[in-house]
Every structure is written in C-alpha cells, then in structure tokens.
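Visitor: Got a few minutes to walk me through this one? I'd like to start with the ligand and then wander a bit.

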Amino acid sequence: MRIPLSAPDVLQEDIDAVAAVLRTPRLSLGPKLEEFERAIARYTGAAHAVGVSSGTAGLHLCIRALGIGEGDEVIVPSFAFIAVANAARYEKALPVFVDIEPETLNLDPSRIEAAITNRTKAILLVHTFGCPAELPAILEIARQHHLCVIEDACEAIGAEYDGRKVGSWGHAGVFAFYPNKQITTGEGGMLITEDPRIASKFRALRNQGRTDSNDWLQHTELGYNYRLPEMSCALGISQLKRIDATLSRRQEIAGKYNERLRGIGNLRLPALEAPRRKLSWFVYVVRLSESLTQIHRDWIMYELHRRGIGCARYFAPIHLQPAYRSACEPRSDLRVTEFAASRCLALPFFNRLQDAQIAEVCENLSELVHLAASRTSKELTATSAAGF
Ligand SMILES: Cc1ncc(COP(=O)(O)O)c(C=O)c1O
C-alpha cells in the first residue's frame with residue numbers, strides 16, 4: 001500500500017536500545033523485563049505488572065489465573081478482536097456475547113445483567129479502539145453478582161476514566177504491543193493487577209508453571225512459555241518513554257481527519273472526546289450511514305485498496321466467524337454489533353502520517369462515498385471487477 005493502514009514508529013534510540021541488549025548475555029528473563037514491568041506499573045499506577053509474549057497470552061493467563069474453566073461463562077463483546085473470546089475457549093469456558101453501545105462501541109452495561117447466569121464467572125470488557133468502557137457501571141454489576149472483571153486494554157494504553165488509567169480498574173488488565181499498537185515491542189503484552197497472588201500466578205504461568213524458587217526444573221502447575229524476550233522489553237521501555245507525545249500526535253491526526261471529513265454526507269465520524277474519559281487513539285474508524293449497506297462499505301474498501309490506500313473493516317463480529325458457529329452463546333440480540341460491523345471502515349493511522357497523506361485519503365474517501373451512494377448494492381456488485 002502506498003499509504004499503509006498502520007506503521008510502527010521506530011526511532012534510532014529504539015534501535016540502539018535493542019542492539020545494546022544483544023551485546024549482553026541475558027536475552028530472556030533479565031533486567032530489561034524487570035525494568036519494563038516497573039515502568040508500566042508506574043505509568044498505569046498498578047501495583048504489579050507482568051510481561052508476556054502477546055496480548056492474547058495475557059488474556060489467556062487472566063482466565064487461568066482467575067480459575068475460570070470448563071462450564072464457566074464469561075461475558076464478552078462480539079465487536080472485538082477474536083482473542084477476547086478465544087481466551088475463554090482455551091480453558092473450555094463459554095464466551096457469552098453481549099451487545100455494545102452505539103456511541104462508544106463498548107460493552108453496553110444495560111444489557112449485561114440479562115446475560116448473567118449462575119455459571120457466569122467474569123466480565124471481560126474491551127476498551128474498544130482506545131475509548132474506555134463504562135467502567136463504574138460495569139464494576140458495580142460485577143460487584144453485585146460476585147464476578148471478576150478482566151480489562152482488555154490491548155487497544156487502550158494510556159486511556160483514562162475519571163483520571164484513572166484503564167487496565168487498573170478490574171481484577172486484571174491486559175495491554176498489547178503488536179506493531180499496529182500505540183507502542184510496540186514487535187510481539188508482546190503486559191498484565192497489570194493490584195493483587196499480589198494474581199501477579200505471582202501470572203509469573204508462574206508465563207514461565208512453564210515454575211515458582212519463584214529459581215529451580216529451573218521445578219514445575220508446580222501446568223504452565224506455558226509466554227515469556228517476553230529482553231530485546232522486546234528494551235524496545236518497549238524506549239517506546240514508553242515518549243508515550244505522551246505519541247498519544248498527543250495520534251489525537252492530533254484524528255482531529256485532522258475529522259476536520260477534513262466533516263460535512264461529507266453518509267459518513268459518521270468518531271467523537272474526539274467522550275465524557276469523563278481520556279482517549280488513547282488506536283485506530284481511526286469512520287462509519288457509513290444507515291442508508292448505505294455493507295456492500296457499499298466493502299466496495300469503498302476495495303476501491304481504496306486499488307488506489308494504494310490501506311483500510312480495514314474493524315471489527316468483524318466474533319459470533320459470525322466460522323470458528324464460532326457452534327461455540328458461542330449470544331444471550332441477547334447483537335443488533336448494534338452487527339450494524340456497526342457492517343458500516344465501519346478503519347483508515348490509515350500511524351504517528352508519522354503526513355498531512356498530504358491525510359488529504360489524499362480524505363479526497364479519495366469523499367469521492368468514493370459519493371459514488372457509492374449514487375449506486376445500489378446490486379449495481380456495485382455488477383460493475384466491480386472480480387475480487388470484490
Ligand atoms: C482488543 C484486543 N484484544 C486482544 C488482542 C490480542 O493482542 P495480540 O495480537 O498481542 O495477541 C488485540 C490485538 O490486536 C486486540 O485488539
């Protein structure tokens with residue numbers, strides 16, 4: 001793609017930090033892991049931070065560490081990345097999908113209680129696209145029903161609700177550092193928690209079920225290799241140092257998009273602010289209006305790709321994935337999820353996106369939305385080249 005959907009922001013100081021680790025004998029479970037964990041704990045205000053090999057690994061360890069297993073149910077949004085539901089299924093627990101709020105695209109608190117049964121063990125909420133979920137309301141429901149709360153903050157590092165960082169509200173929170181994220185470690189994730197017992201469980205589980213005894217061949221429980229290498233930690237430390245500037249830059253880009261796209265018919269823009277929240281921009285997602293269809297959205301996407309402009313349909317609902325056909329339980333209708341998923345379109349979004357690139361994306365999008373709106377779904381399918 002001439003203008004990619006996302007791109008990591010790696011500076012010379014990041015490269016130097018990673019190279020320096022390679023000159024040491026410790027490439028795993030060394031001082032950089034401890035330093036990165038301390039830095040994330042400080043940044044988020046959490047008591048404990050535990051580095052893991054990915055956000056998915058982190059979600060899996062939350063399910064394991066909180067004792068969720070076969071026959072248990074976990075409330076999750078379907079408008080999310082598939083790892084959210086997979087984490088429950090890894091332990092033979094059942095993901096129960098609940099619909100989202102149309103504004104924030106986050107789990108709708110008013111729909112959670114209807115999905116709770118005596119098998120429900122946890123609510124796994126997602127801070128979608130970096131916008132904090134309705135934390136106080138969800139935590140109150142969890143308290144009343146004695147449920148655990150896992151915060152998937154993989155897309156939301158640095159976001160805040162009432163001045164408190166996301167990830168630090170529930171029993172445990174997870175961040176992810178894939179290259180499209182606000183900060184990257186290549187692959188990687190970080191768990192945070194206030195509970196020292198959960199933290200020590202995380203440490204054992206990520207390292208083959210070893211305890212802290214330093215006895216390499218002593219395994220007290222079934223564990224995994226979910227370790228985060230020293231090189232990744234060095235990159236994470238270096239990236240975290242400039243996170244404030246990164247988040248401001250991303251907010252600025254979102255503002256520039258909104259300015260240019262304002263007034264284009266049939267297009268709903270993301271809100272730049274939300275009450276009581278500080279956003280952490282992960283992706284920039286527009287939505288097509290109700291009068292257009294999923295076919296219009298897919299055609300626009302196809303045409304943008306043809307013109308060298310990266311874009312994606314964030315998110316495809318999990319409950320409609322082939323891997324989930326017989327493995328999930330929507331307790332309520334997922335109308336908002338399905339509608340949002342059929343109209344969403346993520347545009348190129350990364351720190352070094354230039355004004356001229358933003359202008360090019362907006363001009364093309366504006367033209368294509370206009371063109372699409374002048375045709376029916378049938379006409380679009382008939383006139384498009386193979387592949388659409
Ligand atoms: C909401 C959400 N949860 C979990 C993950 C999984 O993170 P990872 O790709 O590091 O396994 C992602 C990654 O994109 C995500 O967006």
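Visitor: How far is a polar side-chain atom of E155 from an oxygen atom of the ligand?

Guide: That distance is 2.6 Å. Keep in mind that this is a predicted model.

Visitor: And what about T56 and K181, where do their side chains sit relative to a ligand oxygen?

Guide: For T56, a side-chain N or O atom is 2.5 Å from an oxygen atom of the ligand. For K181, the corresponding distance to a ligand oxygen is 2.7 Å. The ligand on its own has 390 Å² of accessible area, and the protein covers 92% of that.

Visitor: Which residues are around the ligand?

Guide: Going along the chain, they are S54, G55, T56, L59, F81, V126, D152, C154, E155, A176 and K181. Sorted by class, that shell has five nonpolar, three polar and three charged residues.

Visitor: Which helix gives the most to that shell?

Guide: Helix 3, residues 55–65, with three residues.

Visitor: Changing topic: how many cavities of 30 Å³ or more does a search of the whole structure find?

Guide: Two. The largest has a volume of about 110 Å³, and the second largest comes to about 50 Å³.

Visitor: What lies nearest the centre of the largest one?

Guide: D9, K181, Q182, Q239 and N351, out of 17 lining residues. You met K181 a moment ago, with its side chain 2.7 Å from a ligand oxygen. The lining of this largest cavity divides into six nonpolar, seven polar and four charged residues.

Visitor: And which residues line the second largest cavity?

Guide: L5, S6, N180, R250, F282, V283, Y314, L347 and F349. By class, they are six nonpolar, two polar and one charged.

Visitor: Y314 rings a bell. What kind of peptide bond joins Y314 and F315?

Guide: A cis one, with omega at about -5°. F315 is in the loop between helix 9 and strand 13 (329–330). As background, most peptide bonds are trans.

Visitor: While we're on backbone geometry, which residue other than glycine has phi near 60°?

Guide: K92. You'll find K92 in the loop between helix 4 (83–90) and strand 3. Another one to look at is H146, not a glycine either, with a positive phi of about 55°. H146 lies in the loop between helix 5 (135–144) and strand 5 (148–152).

Visitor: Is K92 buried or exposed? And H146, buried or exposed?

Guide: K92 counts as exposed because its relative accessible area is 57%, over the 50% cut-off. H146 is exposed too, with a value of 72%.

Visitor: Back to Q182 from the big cavity. Which side chain does S280 join there, and at what distance?

Guide: The side chains of S280 and Q182 share a polar contact of 2.9 Å. The S280 side chain also reaches the backbone oxygen of I157, at 2.6 Å.

Visitor: Where does S280 lie in the fold, and is it buried or exposed?

Guide: S280 is in the loop between strand 11 (277–278) and strand 12 (284–288). It is buried, as its relative accessible area is 1%.

Visitor: What about N106, buried or exposed?

Guide: N106 is buried, at a relative accessible area of 0%. This residue sits in the loop between strand 3 (94–98) and strand 4 (120–126).

Visitor: What does the N106 side chain reach?

Guide: One partner is the side chain of T128, through a polar contact of 2.8 Å. Another is the backbone oxygen of C131, at 2.9 Å.

Visitor: Last one: where is S291 found, and is it buried or exposed?

Guide: S291 is in the loop between strand 12 and helix 9 (294–306). With a relative accessible area of 56%, S291 is exposed.

Visitor: Which side chains does S291 make polar contacts with?

Guide: N266 is one of them, at 3.0 Å, and S289 is another, also with a contact of 3.0 Å. As for L105, 186 residues away along the chain, its C-alpha atom is separated from that of S291 by 20 Å.

Visitor: Great, thanks for the tour!

Technical notes: Residues are numbered from 1 along each chain as its sequence is written. This is a predicted model: local features need pLDDT of at least 70, side-chain atom pairs count only at pLDDT 80 or more; totals for chains, interfaces and linings use all residues. Side-chain values use heavy atoms; hydrogens and water are left out. On a 1 Å grid over the protein atoms alone, a cavity is a set of points where a 1.4 Å probe fits but cannot get out, and a pocket is an open set with protein on both sides within 12 Å along at least five of seven lines; lining residues have an atom within 4 Å of a point. Grid points are joined across faces, edges and corners, and a volume is the space filled by probe spheres set on the points. Ala, Val, Leu, Ile, Met, Phe, Trp, Tyr, Cys and Pro count as nonpolar, Asp, Glu, Lys and Arg as charged, and the others, Gly among them, as polar. A residue is near a molecule or strand if one of its heavy atoms lies within 4 Å of it. A polar contact is a pair of N or O atoms within 3.5 Å; within protein, one must be able to donate a hydrogen and the other to accept it, and residues adjacent in sequence count only if both atoms are side-chain atoms. Accessible areas come from the Shrake-Rupley method with a 1.4 Å probe; for residues, only the protein chains shown count as cover. Helices (H or I, at least four residues) and strands (E, at least two) are DSSP runs, numbered from the N terminus. Buried means under 20% relative accessible area, exposed over 50%, partly exposed in between (1.4 Å probe, protein chains only).
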